[in-house]
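Here are a few exercises to work through with the structure open beside you. Try each task before reading its solution.

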Amino acid sequence: MGVRPDRLLTLYQIHSADALVVREPFSPPRPKADAMVTDRPGIALGVLAADCGPVLYADAEAGVVGAAHAGWKGALTGILEATVAAMEGLGARRDRIAAVLGPSIGPDNYEVGPEFVARFVEADAANDAYFSPSPRAGGHAMFDLNRYTVYRLARAGVAASTIGRCTYADEDSFFSYRRATHRREPDYGRQISAIALEDR
């Protein structure tokens with residue numbers, strides 16, 4: 001990426017709706033948050049994920065980029081919109097921002113319980129559209145985190161797309177927390193998704 005290793009920044013991710021403005025490398029301990037934005041070339045913003053959605057943002061005209069870690073909790077509570085707002089604070093315009101959702105768990109592999117569905121539907125009845133019946137009885141459902149993430153970005157006025165790669169299904173390419181849990185493996189790896197501004 002043309003960035004020194006000490007200028008590749010990652011956060012202590014906590015599934016929050018907190019987005020930080022970063023203009024220089026920070027020293028340990030890493031800040032607790034789930035998104036970063038910058039208008040400074042030479043800094044790479046990285047988010048780690050192993051089923052959650054890594055989202056990279058850019059307003060090329062303003063020279064502002066962002067990276068967000070959006071699991072179900074962050075997406076539901078506003079991390080995607082908080083990242084857009086932080087970018088606007090640096091001069092970006094949401095109608096110029098492009099956002100791409102990287103590899104994350106797909107709807108065929110993301111089974112959730114009835115309490116999970118209820119939380120989303122209580123927040124917004126329209127969220128019912130992101131669930132489909134599960135083969136398992138008892139109110140379980142399959143959740144489409146990818147489509148929900150793109151919907152939230154689009155609702156925020158951002159041009160959003162997804163690469164459409166499932167971390168759970170594509171074992172040769174990606175780590176998956178849920179796959180490791182189902183296999184009772186002791187640990188799991190993580191992907192990093194990163195973005196940096198080039199010097200103009």
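A pocket here is an open set of grid points where a 1.4 Å probe fits, with protein on both sides within 12 Å along at least five of seven lines. Keep in mind that this is a predicted model.

**Exercise 1. The largest pocket**

Task: Find the volume of the largest pocket and describe its lining by residue and by class.

Solution:
- Step 1. Start with the volume, which is about 570 Å³ for the largest pocket.
- Step 2. Turn to the walls: 23 residues line the largest pocket, and His15, Cys52, His69, Tyr177 and Tyr188 lie nearest its centre.
- Step 3. Now look for the elements that give two or more residues to this lining; they are β4 (44–49), α1 (72–77) and α5 (177–182).
- Step 4. Sort the lining by class, and you get 14 nonpolar, 4 polar and 5 charged residues.

**Exercise 2. The two sides of a helix**

Task: Work out how the buried residues of helix α3 are arranged around its axis.

Solution:
- Step 1. Pick out the buried residues, those under 20% relative accessible area. In α3, which spans residues 114–123, Phe116, Val117 and Phe120 are buried.
- Step 2. Look down the helix axis: the buried residues of α3 fall within an arc of 100 degrees, so they line one face of the helix.
- Step 3. Check the other side of α3, where Glu115 and Glu122 are exposed.
- Step 4. Ask what covers the buried residues of α3; the cover includes α1, β8 (111–112), β9 (131–133), β10 (141–143) and α4 (145–155).

**Exercise 3. Asp39 and its partners**

Task: Place Asp39 in the fold and identify its side-chain polar contacts with Arg23 and Arg40.

Solution:
- Step 1. Locate Asp39 in the loop between β3 (35–38) and β4.
- Step 2. Setting aside residues up to four places away in sequence, Asp39 touches Arg23, Gly63, Val64, Leu90 and Leu197.
- Step 3. Compare sequence with space: Ala196 is 157 residues from Asp39 along the chain, yet their C-alpha atoms are separated by 9.3 Å.
- Step 4. Inspect the side chains. That of Asp39 makes a polar contact of 2.7 Å with the side chain of Arg23, and another of 3.3 Å joins it to the side chain of Arg40.

**Exercise 4. Thr10**

Task: Is Thr10 buried or exposed, and which residues surround it?

Solution:
- Step 1. Find Thr10 in the loop between β1 (8–9) and β2 (19–21).
- Step 2. The relative accessible area of Thr10 is 15%, so this residue is buried.
- Step 3. Beyond neighbours within four places in sequence, Thr10 is in contact with Phe26, Arg30, Met36, Gly46 and Ile192.
- Step 4. Finish with the side chains of Thr10 and Arg30, which are joined by a polar contact of 3.3 Å.

Terms used
Residues are numbered from 1 along each chain as its sequence is written. This is a predicted model: local features need pLDDT of at least 70, side-chain atom pairs count only at pLDDT 80 or more; totals for chains, interfaces and linings use all residues. Side-chain values use heavy atoms; hydrogens and water are left out. On a 1 Å grid over the protein atoms alone, a cavity is a set of points where a 1.4 Å probe fits but cannot get out, and a pocket is an open set with protein on both sides within 12 Å along at least five of seven lines; lining residues have an atom within 4 Å of a point. Grid points are joined across faces, edges and corners, and a volume is the space filled by probe spheres set on the points. Helices (H or I, at least four residues) and strands (E, at least two) are DSSP runs, numbered from the N terminus. Ala, Val, Leu, Ile, Met, Phe, Trp, Tyr, Cys and Pro count as nonpolar, Asp, Glu, Lys and Arg as charged, and the others, Gly among them, as polar. Buried means under 20% relative accessible area, exposed over 50%, partly exposed in between (1.4 Å probe, protein chains only). The arc is that of the directions from the helix axis to the C-beta atoms. Contact means heavy atoms within 4.5 Å. A polar contact is a pair of N or O atoms within 3.5 Å; within protein, one must be able to donate a hydrogen and the other to accept it, and residues adjacent in sequence count only if both atoms are side-chain atoms.
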